[in-house]
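User: Could you take me slowly through one part of this model, a pair of neighbouring strands and the way they are joined? I am new to reading structures, so please explain each step.

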Amino acid sequence: VESTATIGFTEALDGVTVSLRLTSDAACPTCQGTGGKPGTRPHICPECEGAGFVVSGTGGAFSINETCPACGGRQLVYDEACPTCHGSGRGTSARSIQARIPAGVKEGSRIKLAGKGEAGLRGGPAGDLYVVTHVADSPVFVRKGDNLEVEVPITIAEAFGGADVEVPTLHGTKKLRVPGGTKHGTVQRLRGEGPPTLSGGKRGDIHYRFVIDVPDKLSDEQREAVDALSKTMNGNPRERLMREARR
């Protein structure tokens, strides 16, 4: 059986227990999963003689053991099938279960819960339940594989001259040094400060991408400052590009 669970961004990092409502096969309430008519007794399967499997030849020196089609591997059969499930041993039921989602899941992670799926045929073992996670977006962090990424706006002055800037982490804030001459899109990394991994034992990183905040409009004072700065900057930054393009 497969189901889905929508959880919050923080819940995906820390782990959470969710309640799932499932409609699936369960043991037949009339025969309690045996597949036989109530009041009747089972006997040894004549097809496999109680072995639970039959041997099929491949036409060569080898043979293959296959589950007996008559008893489904249970070794026993009933002469009269259950009138409710017609011998399958299964019925339909709605149920609620508590599913533990481990820390470190991502969007689309598939968590296996052994034995929580549909009831087996003729009282056989239940199958597994797979829970696919849908994780809500964070207003700050973006998941990139095992890591997180954050865009950190900086001013033109901070990019030119350098600065110490405060950045968010999963457990508060930290200071990062922006070196003088930092370019738009430069990335700094905090190792081991990111989300836990499903395999356990380590955490991912947080990548901070510095983006230069350019105002949409300039005041007269700001425009004068930009004009004064442009007069002091030497050279054409596109000169090399154009020279290579003309070759």
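Analyst: In this predicted model, strand β12 is joined by 7 bridges to strand β13, which covers residues 172-178, and the two strands run antiparallel. The general background is that strands of a sheet pair through backbone hydrogen bonds, either parallel or antiparallel. The connection between β12 and β13 is a hairpin that passes through 2 residues, and among the paired positions is Thr-169, whose bridge partner in β13 is Gly-172.

Now consider the two faces of β12, which spans residues 163-169. Ala-163, Val-165, Val-167 and Thr-169 make up its covered face, whereas Asp-164, Glu-166 and Pro-168 make up the uncovered one. This fits a general pattern, because in a regular strand the side chains alternate between the two faces of the sheet. Thr-169 therefore appears twice in this picture, as a member of the covered face and as the bridge partner of Gly-172.

For a parallel pairing, turn to β1 and strand β9 (residues 129-135), which are joined by 6 bridges, with Glu-2 standing opposite Tyr-130 in β9. These strands belong to an open sheet of 3 strands in the order β1-β9-β8, with mixed pairing. Here β1 (2-7) and β8 stand at the edges with a single partner strand each, so one side of each has no neighbour in the sheet. Neighbouring strands of this sheet are turned against each other by 30° on average, direction ignored.

Technical notes:
Residues are numbered from 1 along each chain as its sequence is written. This is a predicted model: local features need pLDDT of at least 70, side-chain atom pairs count only at pLDDT 80 or more; totals for chains, interfaces and linings use all residues. Side-chain values use heavy atoms; hydrogens and water are left out. Two strands pair if DSSP finds at least two bridges between them. Helices (H or I, at least four residues) and strands (E, at least two) are DSSP runs, numbered from the N terminus. Axes are lines fitted to C-alpha atoms, for helices over the stretch in contact, and angles run from 0 to 180 degrees between N-to-C directions. Buried means under 20% relative accessible area, exposed over 50%, partly exposed in between (1.4 Å probe, protein chains only).
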